[in-house]
Amino acid sequence: MKQFSSGLVFCFLIFFIMGCPPASKSNKRVKPLFRISAVLDTGKEPSFLITHDFDIDGNLDLAVLNSAEHTLSVFKGKGDGSFKDQVQYKTGADPICVVVADFNSDGFKDLAELNYQDQNIQIFLNTGRGGFKNTGKIIKPGRIPINLTAGDFNEDGYPDLAVSLRYHKVAILLGKGTGTFQDPLPLAVKGQPTGLVVGDYNHDKHLDVAVALAGSGNVGVEILWGDGKGAFEASKIFKGGGQPLTVANVDANSDGFTDLITSSNSLHAMTVLINNKDKTFKTLRDFSAGEFPKFVAAEDFNGDGVPDLAVSNSTHDTVAVTLGRGDGTFVYPPILHFVDEYPQGLVAGDFNKDGLMDIAVSCRDKNLLMILLKKNLEPSRKLIPKPASS
């Protein structure tokens, strides 16, 4: 059995002991929205994945962390759904998360990369052509960092970082605008934090941080309400799934307020938290999008103006697209797209510039990325056959 490299081993052991439910035997089929158009070789065990136009040429690029060989791979997009060969950069031990922001105020987007085993953050500055250079400076956010996100929390024009720490804390690191940061400010949260995401959830024009809480004890989602000066006020815990490991923003009921979606491995379920517009959230009933859901992207995938969900199902080797109804609920069953073994990181973007949203997913056990386009292109190399229905 391969060693998990996501940094959440302590949660996953619980889930493996509990076991996976049998695969659904439903014969109901829905026509796929996407087709695999390209397969890209990565480093060993690719996991966390992001997309951005790093070289400002109008084409989306990809960056993925290779957890088993401690590297970061960057793929420059060609604008037609294909990508150039990877360029690799050495990271710390067991990289598990990376975020994009202009940390040195030069107009080019940089990378902040989190290493689980080394318990540190490293900054990769954009050279101006989409390449990156490690500053060599080691940032220590606190004990056992799990995840991170970026946002300007004190509204000084410089991006800051928020890092979830295993022992009931979130650390805030205020940026100096030079690629460096102030010492971390630890904030207590009411459970074991995992995923986190930034948004203005109460429309006060200040960024807040939504934190997923998993592990033993309190589980759900807690909001850190930002005051625009770098300080935060903690909310109560809102129910948000059995063991929420990831959390993402989505306007699920199309009311202009940002709602939240969590994925919970232990229940093989997704959970929507509807924003009540009064600093509280209403938790809707859990729903299925596949087995062991990992990462989720919220975009309008079918062009009806309503946000949908794309989810990587790690033990089912699928990307599930669940269509939104616009009222906070989602259509069942999800539309399954079979990919290679153990899909993990997942992002959405218009990779071929046809005005339609596409998907990229990292497949850990085969060391590759798969590009799923709305346009039917021929595969760039031989793909695995679609498994037979059970």
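Biologist: Which residue in strand 13 is the bridge partner of valine 170?

Modeller: Welcome! This is a predicted model, in which local features need pLDDT of at least 70, side-chain atom pairs count only at pLDDT 80 or more, and totals for chains, interfaces and linings use all residues. Residues are numbered from 1 along each chain as its sequence is written, and side-chain values use heavy atoms, with hydrogens and water left out. Strand 12 (residues 169–173) runs antiparallel to strand 13, with four bridges joining them, and in strand 13 valine 170 has as its bridge partner leucine 187.

Biologist: What is the mean pLDDT of the protein?

Modeller: The pLDDT is the predictor's confidence in each residue, from 0 to 100. In this protein 88% of the residues reach 70 or more. Two stretches are below 50, namely residues 1–27 and residues 376–390. Over the protein, the mean pLDDT is 89.

Biologist: How many strands are there in the protein?

Modeller: Helices (H or I, at least four residues) and strands (E, at least two) are DSSP runs, numbered from the N terminus. The protein has one helix, and its number of strands is 28.

Biologist: Which strands stand at the edges of the sheet with the order 10-11-12-13?

Modeller: This is an open sheet of four strands with antiparallel pairing, where two strands pair if DSSP finds at least two bridges between them. An edge strand here has a single partner, so one of its sides is left without a neighbour in the sheet. That holds for strand 10 (145–151) and strand 13 (185–188).

Biologist: In the sheet with the order 6-7-8-9, what is the bridge partner of phenylalanine 124 in strand 9?

Modeller: The sheet is open and its pairing is antiparallel, with strand 6 and strand 9 (132–139) each pairing on one side only. Strand 8 (residues 120–126) is joined to strand 9 by five bridges. In strand 9, phenylalanine 124 has as its bridge partner asparagine 134.

Biologist: Which strand gives the largest share of the largest nonpolar core?

Modeller: A nonpolar core is a set of buried Ala, Val, Leu, Ile, Met, Phe, Trp, Tyr and Cys residues joined through side-chain atoms within 4.5 Å. The largest one has 53 residues, of which Ile121, Leu148, Leu161, Ile359 and Met370 touch the most other members. Its largest share is five residues, and they come from strand 6 (residues 95–101).

Biologist: How many residues are in the other core that lies apart from it?

Modeller: In soluble globular proteins, nonpolar side chains tend to be buried together. Members of this other core include Leu174, Val198, Val211 and Leu213. Its number of residues is 14.

Biologist: Is strand 2 largely enclosed by the rest of the structure or largely open, and why?

Modeller: Buried means under 20% relative accessible area, exposed over 50%, and partly exposed in between (1.4 Å probe, protein chains only). Strand 2 is joined to the antiparallel strand 3 by five bridges. Because five of the seven residues of strand 2 are buried, it is largely enclosed.

Biologist: Which residue's side chain makes a polar contact with the side chain of asparagine 59?

Modeller: Asparagine 59 sits in the loop between strand 2 (46–52) and strand 3 (61–66), and it counts as buried at 9% relative accessibility. Beyond four places in sequence, its contacts (heavy atoms within 4.5 Å) are Asp53, Gly77, Lys78, Gly79 and Lys353. A polar contact is a pair of N or O atoms within 3.5 Å; within protein, one must be able to donate a hydrogen and the other to accept it, and residues adjacent in sequence count only if both atoms are side-chain atoms. For asparagine 59 the pair is 2.9 Å apart, and the residue is lysine 353.

Biologist: What is phi of lysine 353?

Modeller: Lysine 353 is placed in the loop between strand 26 (343–349) and strand 27 (358–363). Its phi is positive in a residue other than glycine, with a value near 55°.

Biologist: What separates the C-alpha atoms of phenylalanine 338 and aspartate 317?

Modeller: Phenylalanine 338 lies in strand 25 (residues 335–338) and is partly exposed, at 25% relative accessible area. Aspartate 317, in the loop between strand 23 (308–313) and strand 24, is also partly exposed, at 24%. The two are 21 residues apart along the chain, and the separation of their C-alpha atoms is 6.1 Å.
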